[in-house]
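Let's take a walk through this model and stop at a few spots that reward a closer look. Have the viewer open and follow along.

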Amino acid sequence: MTRNETQETIRNRRSIRGLIGPELSEKEIHSLIELAVLAPAPHHTQPWRFAHISQDKRNSLTIAMGSAWKKDLIRDGVKNDQITKLLQRSSQEIKNAPTLLLGCLVSEGLNQYVDDRRNTAEWGLALHSFGAALENILLAASSMDIGAYWISAPLYAPNEVKESLDLDDDWNPQALIALGRIDPTYIPFKRQGFDLKKYLIFC
Ligand SMILES: Cc1cc2nc3c(=O)[nH]c(=O)nc-3n(C[C@H](O)[C@H](O)[C@H](O)COP(=O)(O)O)c2cc1C
């Protein structure tokens, strides 16, 4: 890929929520994960783990995450009919994704300190690295004409996700990635224009 093609891939990547089947082949999933794990990571660690979530597991997963979210929404004072709508939408997104991956972080190889300040910073490094790995997946998917988008719900209900999928205790759920073919009628959200001066200063 030339330098311009790399730039085009970055520019063209969008969150595609209009996904249709068929599901991704095992080969396609392998290609995406092989690229994900080329992401930069702190101290040469490899803190990412991915689980492919079969259709069989999706109902229990949505119930587990939904019950945790519902408690939060009730605490926030959200009205019942709105809660029902939000939970239904989230459940449909998860069940309708032709392919669904869960991304997790493990602490293997990370430094352990005697103080919380550095332990929090160290986990921050792992979180940065997770974002880089996920971006690799999104860019690779886009370049393969596969639609994809990030679903952050697991981060709000990590224990429920872990339990419902029977994950190893050290796997810390971070995000779901919904993947599939691109519905030709789907139109991505309009991107806001941006003023470089807001994002960059020269000190
Ligand atoms: C940390 C993170 C969490 C996100 N969570 C969600 C989500 O839960 N559901 C969703 O539809 N999109 C989610 N997105 C996608 C963003 O909404 C999207 O990237 C943003 O609107 C910019 O659009 P683009 O990806 O098409 O450029 C998330 C993105 C990031 C980086």
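## Around L19

Start with what L19 touches: apart from neighbours within four places in sequence, its contacts are P98, G147, A148, Y149, A178, L179, G180, R181 and D183. Keep in mind that this is a predicted model. L19 sits in strand β1, which covers residues 19–20, and at a relative accessible area of 15% it is buried, because the cut-off for that label is under 20%.

One of those contacts, Y149, comes from well along the chain: L19 and Y149 are 130 residues apart, yet their C-alpha atoms are separated by 9.4 Å.

## T99 and its partner

Next up is T99, in strand β3 (residues 99–105). Buried or exposed? T99 is buried, with a relative accessibility of 0%.

Its side chain has company, too: a polar atom of the T99 side chain lies 2.8 Å from the backbone nitrogen of L24. Beyond four places in sequence, T99 is in contact with E23, L24, I29, H52, R58, I177, A178 and L179. A178 and L179 also turn up among the contacts of L19, so to speak a shared address for L19 and T99.## How α3 packs on α6

Two packed helices are described by the angle between their axes and the distance between the axes. Here the pair is α3 (residues 55–75) and α6 (residues 158–165), whose axes come within 9 Å and cross at roughly 155°. Anything over 145 degrees counts as roughly antiparallel, which is why α3 and α6 get that description. The crossing of α3 past α6 is right-handed.

Which residues of α3 and α6 meet? On the α3 side they are K57, S60, L61, A64, M65 and A68, and on the α6 side E160, V161, S164 and L165. By type, the residues in this contact split into six nonpolar, two polar and two charged.

## More on the two helices

Within α6, the buried residues are V161, K162, S164 and L165. V161, S164 and L165 are also among the α6 residues that meet α3. The cover over the buried residues of α6 includes α3, β3 and β5 (172–182). After α6 comes D166, with a positive phi near 55°.

Over in α3, have a look at G66. G66 counts as buried, at 14% relative accessibility. L87 is 21 residues away from G66 along the chain, and the C-alpha atoms of the two are separated by 6.1 Å.

## Backbone oddities

Most residues other than glycine have a negative phi, and most peptide bonds are trans. With that in mind, a few places are worth a click. The peptide bond from G21 to P22 is cis, with omega near 0°, and P22 lies in the loop between β1 and α2 (26–36).

Then there are two loop residues with positive phi. H43, in the loop between α2 and β2 (48–52), has a phi near 50° without being a glycine; H43 is partly exposed, with a relative accessible area of 39%. D145 lies in the loop between α5 (116–143) and β4 (146–151), and its phi is positive too, about 60°, although D145 is not a glycine. With a relative accessible area of 60%, D145 is exposed.

Terms used
Residues are numbered from 1 along each chain as its sequence is written. This is a predicted model: local features need pLDDT of at least 70, side-chain atom pairs count only at pLDDT 80 or more; totals for chains, interfaces and linings use all residues. Side-chain values use heavy atoms; hydrogens and water are left out. Helices (H or I, at least four residues) and strands (E, at least two) are DSSP runs, numbered from the N terminus. Buried means under 20% relative accessible area, exposed over 50%, partly exposed in between (1.4 Å probe, protein chains only). Contact means heavy atoms within 4.5 Å. Axes are lines fitted to C-alpha atoms, for helices over the stretch in contact, and angles run from 0 to 180 degrees between N-to-C directions. Angles under 35 degrees count as roughly parallel, over 145 as roughly antiparallel, 65 to 115 as roughly perpendicular and the rest as oblique. A crossing is left-handed if the near helix is turned anticlockwise from the far one by less than a right angle, and right-handed if clockwise. Ala, Val, Leu, Ile, Met, Phe, Trp, Tyr, Cys and Pro count as nonpolar, Asp, Glu, Lys and Arg as charged, and the others, Gly among them, as polar. A polar contact is a pair of N or O atoms within 3.5 Å; within protein, one must be able to donate a hydrogen and the other to accept it, and residues adjacent in sequence count only if both atoms are side-chain atoms.
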